[in-house]
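Visitor: Please take one part of this model and look at it closely. Then work outward from there, and give me the cut-offs as you go.

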Amino acid sequence: SRLACRPRLGLPGPAVSAAAARPAALRSGARSAGSRPGTHQSRCGGTAGGMGLEPEPLFQAWSYFRRRKFRQCSDLCSQLLEGPSGEQAAWSLKTRALTEMVYVDEIDMDQEEIAEMVLDENAIAQVARPGTSLKLPGTSQGGGPSPAVRPVTQSGRPITGFVRPSTQSGRPSTMEQAINTPLTARPITSASGRYIRLGTASMITNPDGPFINLSRLNLAKYAQKPKLAKALFEYIFHHENDVKNALHLAALATEHAQFKDWWWKVQIGKCYYRLGLYREAEKQFKSALKQQDMVDTVLYLAKVYLRLDQPVTALNLFKQGLDRFPGEVTLICGIARIHEEMSNISSAAEYYKDVLKQDNTHVEAIACIGSNHFYSDQPEIALRFYRRLLQMGVYNCQLFNNLGLCCFYAQQYDMTLSSFERALFLAENEEETADVWYNLGHVAVGVGDLSLAYQCFKLTLVNNNDCAEAYNNLAVLEMRKGHIEQARALLQTASSLAPHMYEPHFNFAVLSEKVGDLQRSYTAAQKSEEAFPGHVDTQQLIKQLKQHFAML
């Protein structure tokens, strides 16, 4: 029987890499302190507490905004707006502060849910040429480890070294799995996460109601004021999540600008992308690129091509962008991500190395190169990369989990258990704790302590009841004890939770073949071969079963 004791590396960086805030300057023409005569003049004969100079309230609010204290900035602007002369600058500043509270970078936040995958209306070739589709990534071109060494996701891609929104391995691949997915309120829609939270942000920030009543807003009036229109658009798009009104405002504003403002074209493209109109979004982004070369516009256009399942076009776009912006880290990283999603691990590693030549503190590149070395049976080199992350200040559960695995494989046993203990201490949720216990069980199998391994895998299931690898490994340990029925039930559970894994199918086939159930053994062996066509043991088992059937 084959033990699925493949260690699973977690991300050694922040789970959401797209939440980086944009540096922003005040657009609203706020007046500097001292613009009102007599405001800051101290008077002789005052009290002892009058020595300090009070800044102008609008300048104080602007200072809060620059220091990213958006709540204080919003409250101060509200006080200014309640005065007899509500200022236009205070209104604009509060709008931008509320936007920054919930702002998420649209470039990296791209997660295709089960609704988009199953109910997609875009016509895409069912049988794409090898190496031209993300739906059917090629396996022969990769040059990386096989699924026997490196775990794969449900879509067949190797697990990456850095968790991004588009690389979540726990996403359901079929509608049946989506309906049975626990722990989510609405598992088959894309609106279950960020968009609902953005839409209700106005009620959280203003208990009395939204700051701006969009239904009574004259968008045509604001479209003629470019500075106010841009702040208002970002508020509607990010804070209120009202894509329809945001698109209407952007269309009026770009018409007022005589279609010469590239920024509005990019925003119209973002609205079209959010609405699923990818071809219209492509036209807007291309038009914006003709007027103004911007890295962000290239990244948005590449997102459109990736959603349309055209990775080769996206690669060519990134390379054209590198010709205009040599050494741009985000473009090189985008090329590496596409190669990684197409299972071309060796090319992805080369591009990640190019990223490090430009930015030697890039967490994603260091993590992906480290995981590639680990799964290529080079734990000593992987250990150097993870130590580099530790020196950079990354201090989380996943990093210490990976350090513990690398120390174990590099035979530095003195640091193994201490790293895992630190990982357990830093775990923020039950899934992270389950991963650490799973890897501890794997270490226990490596040193031969099967009772400790059994307890670790049990603790894994206590923290995460959907861990198919733990079910499979527990089944193997039960088989060694001679508990056939328990092993059969555990393997069936593992197969239902992770049909993309070949180990549960193969182990179930071996178990069924031993007890004489040849038909179930043959069915499970076929599923194992479908999950991993290059598995030699599965091919030999199928050959033996066919000989048995021929004799009958």
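Guide: An unreviewed UniProt entry annotates residues 468-501 as "repeat: TPR". Its positions are given in the numbering used here, feature names are shortened, and such annotations may be inferred rather than shown by experiment. In this predicted model, the stretch 468-501 is 82% helix and 0% strand. Its end C-alpha atoms are 9 Å apart. Helices (H or I, at least four residues) and strands (E, at least two) are DSSP runs, numbered from the N terminus.

Some ground rules. The model is predicted, so local features need pLDDT of at least 70 and side-chain atom pairs count only at pLDDT 80 or more, while totals for chains, interfaces and linings use all residues. Residues are numbered from 1 along each chain as its sequence is written, and side-chain values use heavy atoms, with hydrogens and water left out.

Next, the packing. In soluble globular proteins, nonpolar side chains tend to be buried together. Here the largest nonpolar core has 64 residues. Phe 285, Val 304, Phe 318, Leu 331, Tyr 352, Tyr 386 and Leu 389 have the most contacts inside it. Apart from that core lies another, of 32 residues, including Leu 491 and Leu 511. A nonpolar core is a set of buried Ala, Val, Leu, Ile, Met, Phe, Trp, Tyr and Cys residues joined through side-chain atoms within 4.5 Å. Buried means under 20% relative accessible area, exposed over 50%, partly exposed in between (1.4 Å probe, protein chains only).

Now the charges. There are seven salt bridges, each a side-chain nitrogen of Lys or Arg within 4 Å of a carboxyl oxygen of Asp or Glu. One of them pairs Lys 230 with Asp 261, at 3.8 Å from N to O. These two residues are 31 apart and link distant parts of the chain: Lys 230 is in helix H9 (residues 226-240), Asp 261 in the loop between H10 and H11. Both Lys 230 and Asp 261 are buried.

Stay with Asp 261. It counts as buried because its relative accessibility is 19%. Leaving aside neighbours within four places in sequence, its contacts (heavy atoms within 4.5 Å) are Lys 230 and Gln 291. A polar atom of the Asp 261 side chain also lies 3.1 Å from the backbone nitrogen of Trp 263.

Another salt bridge joins Lys 286 and Glu 282, at 3.2 Å from N to O. They are four residues apart in helix H12 (residues 278-291), so about one helical turn separates them. Glu 282 is buried, at 10% relative accessible area, whereas Lys 286 is partly exposed, at 38%.

Asp 293 and Arg 324 form a further salt bridge, at 2.8 Å from N to O. This pair also links distant parts of the chain, 31 residues apart: Asp 293 is in the loop between H12 and helix H13 (295-307), and Arg 324 is in helix H14 (residues 311-324). Asp 293 is partly exposed, at 30%. Arg 324 is partly exposed too, at 35%. Salt bridges that share partners also join Arg 279, Glu 282 and Lys 286 into one network.

Last, helix H17 (residues 363-375). It has 13 residues and reaches 18 Å from its first C-alpha to its last, close to the 18 Å expected. That expected span is 1.5 Å times one less than the number of residues. H17 is mostly covered, with 13 of its 13 residues buried. Just after H17, Asp 377 takes a positive phi of about 65°.

Terms used:
A polar contact is a pair of N or O atoms within 3.5 Å; within protein, one must be able to donate a hydrogen and the other to accept it, and residues adjacent in sequence count only if both atoms are side-chain atoms.
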